[in-house]
Amino acid sequence: MPTVNLDLFNPTEEHTLLRKTVRDFVRTHVEPQALEYDRQERFNLPLFRQLGDLGLLGITVPAEYGGSGMDALAAVIAHEELSASDPGFCLAYLAHAMLFVNNFCHNANADQRQRYLDKVISGEWVGGMCMTEPSVGTDVLGMKSEAIRRGDYYYLNGRKMFITNGALDDATLGNIFLVYARTEKGISSFVVEKGFSGFSLGQRLHGKAGMRASMTAELVFDDCVVPVENRLGEEGDSLLHMMRNLEIERVTIAAMSTGIAGRCVEVMTRYASERTAFGQPINAFGQIQRYIADSYAQYMAARTYLYYTAVRMDLNKPGQRIDSDGVKLVATMMAKQVADNAMQVLGGYGYLGEYVVERLWRDAKLLEIGGGTLEAHQKNITKDLTRRMDLIR
Amino acid sequence: MKTLVTVKRVPDPETTIRVKPDGSGIVTDNIKYVINPFDEIAIEEALRIKEKQGGGEVVLVSIGGKSVTEQLRTGLAMGADRAILVLCEQPLDSLAVAKLLTKLVEKETPELVLMGKQAIDDDSNQAGQMLAALLEWPQATFASKIDFAADQKSATVIREVDGGLETIGFALPAIITTDLRLNEPRYASLPGIMKARKKEIKEIPVADLGADITPRLTVVKMAPPPKKEAGKKVETVQALLDLLHTEAKVI
C-alpha cells in the first residue's frame with residue numbers, strides 16, 4: 001500500500017506557516033496580557049486591532065474581497081492557538097471573525113461588502129452577531145425580535161442577550177451587528193450599526209465565571225430604523241444563513257476547547273516532572289499518571305475529530321451539522337475535564353491565577369453553553385442520525 | 001535596489017538542546033528549526049529598504065537540504081520576492097559558505113548583501129567578513145542602523161562596537177551584517193502566507209556552483225555547558241569582593 005504522509009493538524013504548508021505566525025504572535029503579545037485583562041474584565045481593543053494587521057480578522061474572506069482567503073481548517077488553527085493562551089480574547093475574535101465577518105461576507109451582496117468589509121477586516125469596527133434573546137436560547141426559532149417593513153425601512157423591535165462584543169467597555173456599544181429577527185416571510189437578518197436610531201446598549205453583563213476578557217451585553221432595539229439595503233439576502237433567507245454559520249461557529253468553539261486542553265496538558269506534564277513529594281517527582285505516582293495520560297488521550301481524540309471535520313468543511317455550503325455538533329459536544333466536555341485534571345495535578349497552585357489553568361478552567365465551562373448547548377447538540381445529532389443511519393459506519 | 005539576504009536554518013532557541021553522548025554533535029530528533037534570528041532581522045531590513053525605496057527586489061539565499069524550504073517559505077511569506085536554495089547535505093565551514101555565496105553574488109549581481117551577524121547554532125561570525133574579502137567589497141558588520149544616499153550609490157551604517165557606536169560610510173555594492181537592535185522582524189501575515197506558494201524557490205545542486213568547499217575546520221568535540229550551581233548570599237559588599245577574589249578568582 002502507498003504510504004500516507006499526512007499531518008492532519010497542518011495539512012498544507014500554508015497551515016504550518018499560519019500556526020507559526022499565530023503562535024509567535026500569541027507568545028509575544030497575547031500571553032503577557034491575558035491574566036491582567038481577565039482580572040480587570042476588560043477587552044483589549046489595541047491587541048484586537050493587531051489581529052487585523054496580521055489578516056486574522058478576515059481569515060475566511062476571499063482575497064478578492066480584501067480578506068486572507070483561508071479555509072475552515074485555518075480558522076481552527078487560529079482559534080486553537082489564541083485559545084491556548086487567552087480564551088476570553090479568542091472569544092471576542094470568534095464573535096467578530098466568524099459570527100460577524102464570515103457570516104456577513106458569505107451572505108452579503110456586492111454593495112454591502114463594499115460598505116462594510118474593509119472596516120471589519122482591519123478591526124477599525126468591532127462586530128458581533130445577535131441571535132439569543134432573554135427568554136430564547138436553544139429554542140432559537142421561538143425568537144421574538146421582529147422587523148416590520150414600512151417603505152424603504154424596517155422597524156426592528158426586541159432585545160438580544162449574551163451578545164459577545166455587544167459592548168467594548170461598560171458604556172460603549174460595539175460597532176456593528178448581524179441581527180436575526182422575524183419578518184413577514186420567516187427569519188431574516190440585518191446589519192445594524194451603532195448609531196442607528198433606536199439601537200442601544202441595554203447593559204454590559206458583569207460577573208461572568210470566565211471569558212472575562214470579552215465583553216458580553218444585552219442589546220436593545222426599540223423601533224430601531226434599519227434601511228432595506230441592510231437586509232442580507234431576501235426575507236426568510238436567514239434561517240439557512242444561520243444554520244450554515246452555526247457550523248463554523250461550533251467547529252471553532254471546538255478549536256478553542258482543544259487550545260485550552262493542549263495548554264493544560266502542557267502545564268500539568270511540566271509541573272508533575274518538577275514538583276516532588278515523598279522524595280520523588282509526582283509524575284512517578286500512578287494517580288498523577290492517570291490524570292496526565294487520560295487528559296492527553298482525550299485531547300488527541302477530540303483534536304483528531306476536530307481536524308477531520310474541519311478538513312472536509314466547505315464554508316460555502318451547509319451539510320456538516322452532525323460533525324460540527326458532534327465535535328463541539330465532545331471537545332468542550334473534554335476541555336472542561338482536562339482543565340480540571342490540570343488543576344488537580346497542580347493542587348493549591350492550580351487554584352491560583354498565575355498558574356494559568358485556573359483561568360482556563362473557568363473559561364472552559366462557557367464552551368458547553370455558548371454557540372449551542374450540549375443539549376442542543378444532543379438533540380440535533382439524534383435527529384440527524386435517525387435520518388442518516390448510513391453515516392454511522 | 002536588489003538585495004540578497006542569507007537565511008540559515010537553525011534549531012529553535014526555545015527548544016532544549018541536548019548534546020549526543022559521544023560529543024559528535026547535538027541530538028536532532030524532535031527539535032524544531034527556525035530562521036536564524038539575525039537573518040530574520042536581515043530579511044526585515046531588506047523588506048523595509050524595498051518599501052522605503054518604492055522598488056527593488058529581495059532575494060533569499062540558503063544552503064542546505066530540502067528541509068530548508070520551510071524557512072525560505074517563511075521568508076517569502078514575510079514578503080521576499082524569490083529564493084535560491086543551494087542543495088548541499090554536507091556540513092560546511094564559514095569559508096566554504098562564503099565561497100558559495102561569492103558564486104551566487106556573481107550570478108545575481110545585487111547592490112547589497114544583508115546577512116545575520118552570526119548564526120545562533122555555531123556562533124562563528126565569519127561568513128559575512130569572508131564574503132566581503134573574497135569579493136573585495138566594503139563591509140559593515142553589527143549594523144544597528146542603515147541609511148542610503150539619495151542616488152543609492154553609497155550607504156551609512158551605525159555599528160554596535162565594544163566601546164559604543166561607530167558610524168561608517170562606504171560605496172555600494174557592499175556586505176552588511178545585522179545586529180539585534182536593527183529592527184523588530186514582522187510576522188508573516190495571512191495574505192503573505194497565501195502568496196508565498198506562488199513565489200519561486202530555485203534549487204541549485206552545490207556542485208553546479210564550482211566552488212571549493214573542502215572543509216578547513218573539523219569539529220573535534222561538543223559538550224554541554226556545565227550545570228549552573230546554586231548561588232550564595234553574602235551580607236556585605238566587602239564579603240562579596242573577597243569571594244570574587246579568593247573563590248571565583250575573577251578579580
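Rings of Phe, Tyr and Trp, the last represented by its six-membered ring, are taken to pair if their centres lie within 6.5 Å. In the predicted model examined here, a search of the whole structure yields 13 aromatic pairs over all chains. One of these is formed by A:Phe25 and B:Tyr187, whose ring centres are 5.6 Å apart and whose planes meet at 75°. The arrangement is classed as edge-to-face because the angle is over 60 degrees. A:Phe25 belongs to helix H1 (residues 13-40) of chain A, whereas B:Tyr187 lies in the loop between strand E10 (174-178) and helix H5 (190-196) of chain B; the pair therefore joins two chains. A:Phe25 has a relative accessible area of 2% and is buried, while B:Tyr187, at 22% relative accessibility, is partly exposed.

Within chain A, ring pairs connect A:Phe100, A:Phe104, A:Tyr116 and A:Trp125 into a cluster. A:Trp125, a member of this cluster, also has A:Lys119 over its face, at 5.1 Å from the ring centre. A further contact between a charge and a ring involves A:Arg303, the charged end of which sits over the ring of A:Phe9 at 4.0 Å from its centre.

Strand E1 (residues 127-130) of chain A is covered on both faces. A:Gly127 and A:Met129 are buried on one side, and A:Gly128 and A:Cys130 are buried on the other. E1(A) pairs in the parallel sense with strand E4 (residues 176-183) of chain A, over four bridges. In this pairing, A:Gly127 stands opposite A:Ile176 of E4(A).

Terms used. Residues are numbered from 1 along each chain as its sequence is written. Chains are lettered from A and ligands numbered from 1 in the order in which they are written. This is a predicted model: local features need pLDDT of at least 70, side-chain atom pairs count only at pLDDT 80 or more; totals for chains, interfaces and linings use all residues. Side-chain values use heavy atoms; hydrogens and water are left out. Rings of Phe, Tyr and Trp (its six-membered ring) pair if their centres lie within 6.5 Å; planes under 30 degrees apart count as stacked, over 60 as edge-to-face and the rest as tilted. Buried means under 20% relative accessible area, exposed over 50%, partly exposed in between (1.4 Å probe, protein chains only). A charge sits over a ring if NZ of Lys or CZ of Arg is within 6 Å of the ring centre and within 35 degrees of the ring normal. Two strands pair if DSSP finds at least two bridges between them.
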